[in-house]
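Biologist: Could you walk me through this one? I'd like to ask about it piece by piece.

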Amino acid sequence: FFPLQSQLSQALNGLSDRAKEAKEFLVQLRNMVQQIQENSVEFEACLVAQCDALIDALNRRKAQLLSRVNKEHEHKLKVVRDQISHCTVKLRQTTGLMEYCLEVIKENDPSGFLQISDALIRRVHLTEDQWGKGTLTPRMTTDFDLNLDNAPLLQSIHQLDFVQMKVSSPVPAPPILQLEECCTHNNSATLSWKQPPLSTVQVEGYILELDDGNGGQFREVYVGKETMCTVDGLHFNSTYSARVKAFNKTGVSPYSKTLVLQTSEDTQSEEQTLPFPVPLERSQLRRMSPFSSTLNLQPSFPGRSYFELRSSAHQLSLHSSLQSLNSAGELVAWFSFDPSSAHADIIFSNDNLTVTCNSYDDRVVLGKTGFSKGLHYWELSIDRYDNHPDPAFGVARIDVLKDAMLGKDDKAWAMYVDNNRSWFMHNNSHTNRTEGGITKGATVGVLLDLTRRTLTFSINEDQQGPVAFENLEGLFFPAVSLNRNVQVTLHTGLPVPEFYASRSAMP
């Protein structure tokens, strides 16, 4: 009896466990019902939005096509109305001639008739000839020879279907910063990272974040697939914190450990924080638009960078510009032109201080160093000036157009000048025409004052026009646009010109 009770008790315990699991499973199924209903509503809303977008696109296209039909309609009406007007005038003239001839025929004076008959006969024949072949033929058909080819669109609509359903995958592990490949040099910082060695989760890209150099909040400076990034244009003598995370379709990983980087202070500074340079065998470096705490960054999303990336087919080294303090205590910089960011038509010489171009079209080249604060002055001497071209000088963002004159887009602030006069230009807007141009041997000066947020130009040490641009804010690179008729040489690390120094001293 007792053994049977024990067996039954054990069996009941097992059954109780199954019943408990079944109850939990039912709760899970009920939660799934709720989740399915919520996902269904969300998915339907997404589907409706996508279809509405297609309908909107079709309506916009319909409006464009109707506009073309209306233009054809107006053209046809104009041609026909012009022909009606011309024919009406001609018919009125012909009718008048016929009535006059009938009156002449009724004339009883033979001598008077003989005097005008020959002229009238010639005029009648001439008028008849003017009604020759084609005059009474319509110049325009009434048909609209426009056939709408909607077959491909209808086929695409019939083929509209759902793609493969999403497959869940794990979130990536946090990346590991490779300390031996991270370094700073002058006002640039290079960061390198990798996935953990045993990680098998697919990674679609990485998000690199830096703070503002003052212990402020982190902001995204790079989003992409590369595992190394050089950030240019940081503030000198500042401490930055950096971190990186990975992402895939499922989500975003936790952050890596935070790395602290110190930018250079003066010309004697060596690479800071970490002693190892970037290995030369790493050829797939990415160099990006510099980070500045003054930029108004918007939230980004995986796969999108709010900075323009630029890569080089060869090893991309850190900046080689040097900095020191001038007599006024201002930080000045020596820099050269940057081959890695220039248009392919630009030709470099003299340690990248002299540039020209092999194209007759304007091409842009930038300086290697970007500025976000301070007072900076540099000059460009005109080594060659043939056939009166109009080179442009000024500053630009890193992603400025490289195949157009400087100032054609909203990423550059420039003065372009010929042999007689100059203009200021930004976003293709031309202002402040000023007499006085350049020739071979002339010197163009560019003064960027980011304390006053102004840009001023000079030619041969005299200020050219008023202050060119005001309210400048952000990160700016020295920039030039030229063609094959111009060659210039860059001179940097110069003192502030007297005309500006005296103006700055005024109360």
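**Talking through the model**

Modeller: Sure, and keep in mind that this is a predicted model. To start at one end, F25 lies in helix α1, which covers residues 2–105.

Biologist: Is F25 buried, partly exposed or exposed?

Modeller: Buried would need under 20% relative accessible area, and exposed would need over 50%. F25 comes in at 44%, so the label is partly exposed.

Biologist: Which residues form a nonpolar patch on the surface with F25?

Modeller: The patch adds up to about 450 Å² of accessible area. Besides F25, its members are L26, L29, M32 and I36.

Biologist: Now the inside. Which element gives the largest share of the largest nonpolar core?

Modeller: That core has 36 residues, and W378, L380, F393, L448, L455 and V488 have the most contacts inside it. Several strands give two or more residues to the core, including β14 (354–357), β17 (392–396), β21 (443–449) and β25 (486–491). The largest share is four residues, and it comes from β16.

Biologist: Which residues does L448 touch, leaving out those up to four places away in sequence?

Modeller: L448 is on the list of core residues with the most contacts. Its partners further off in sequence are F371, G374, L375, H376, W378, V395, T454, L455, L472 and F476.

Biologist: How many residues are in the second, separate core?

Modeller: This core is separate from the one around L448. Among its members are L191, W193, V221 and C229. Its count is 19 residues.

Biologist: Why is strand β7 largely enclosed by the rest of the structure?

Modeller: Strand β7 spans residues 239–247, nine residues in total. The strand is largely enclosed because the number of those residues that are buried is eight.

Biologist: Which residues stand opposite A242?

Modeller: Strand β7 pairs antiparallel with β4 (residues 205–210) over six bridges. With β8 (residues 259–262), β7 has four bridges, again antiparallel. On the β4 pairing, A242 faces L210, and on the β8 pairing A242 faces L259.

Biologist: Which strands stand at the edges of the open sheet of seven strands?

Modeller: The order is β13-β14-β25-β16-β21-β22-β23, with antiparallel pairing. An edge strand has a single partner, so one side is left without a neighbour in the sheet. That description fits β13 (346–349) and β23 (462–463).

Biologist: And within that sheet, which residue in β21 stands opposite L380?

Modeller: Strands β16 and β21 run antiparallel and are joined by seven bridges. Opposite L380 in β21 you'll find V444.

Biologist: On to charges. How many salt bridges are there?

Modeller: Side chains of opposite charge can pair when their charged atoms come close. The cut-off here is a Lys or Arg side-chain nitrogen within 4 Å of an Asp or Glu carboxyl oxygen. By that rule the count is 13.

Biologist: Take D345 and R363: are they buried or exposed?

Modeller: Their side chains meet in a salt bridge at 2.8 Å, N to O. The partners are 18 residues apart, with D345 in the loop between β12 (331–334) and β13, and R363 in strand β15 (residues 363–366). Relative accessibility is 19% for D345, so D345 counts as buried. At 11%, R363 also counts as buried.

Biologist: What about E435 and R433, buried or exposed?

Modeller: This salt bridge has its closest N and O atoms 3.5 Å apart. E435 has 52% relative accessibility and counts as exposed. R433, with 53%, is exposed.

Biologist: Which residue forms a salt bridge with E473?

Modeller: E473 sits in the loop between β23 and β24, and its partner is 20 residues apart from it, in the loop between β21 and β22. E473 is partly exposed at 44%, and the partner is partly exposed at 31%. With closest N and O atoms 3.3 Å apart, the partner is R453.

Biologist: Which residues are joined into one network by salt bridges that share partners?

Modeller: The network joins E209, R243 and K245.

Biologist: Last one: what is phi of N460?

Modeller: Most residues other than glycine have a negative phi. R453 has a positive value, near 60 degrees. N460, in the loop between β22 and β23, is partly exposed at 42%. Its phi is positive too, near 55 degrees.

Conventions. Residues are numbered from 1 along each chain as its sequence is written. This is a predicted model: local features need pLDDT of at least 70, side-chain atom pairs count only at pLDDT 80 or more; totals for chains, interfaces and linings use all residues. Side-chain values use heavy atoms; hydrogens and water are left out. Patches are made of residues with over 30% relative accessible area and no salt bridge: like charges are joined within 9 Å, nonpolar side chains (Val, Leu, Ile, Met, Phe, Trp, Tyr) within 5 Å. Accessible areas come from the Shrake-Rupley method with a 1.4 Å probe; for residues, only the protein chains shown count as cover. Buried means under 20% relative accessible area, exposed over 50%, partly exposed in between (1.4 Å probe, protein chains only). A nonpolar core is a set of buried Ala, Val, Leu, Ile, Met, Phe, Trp, Tyr and Cys residues joined through side-chain atoms within 4.5 Å. Contact means heavy atoms within 4.5 Å. Two strands pair if DSSP finds at least two bridges between them.
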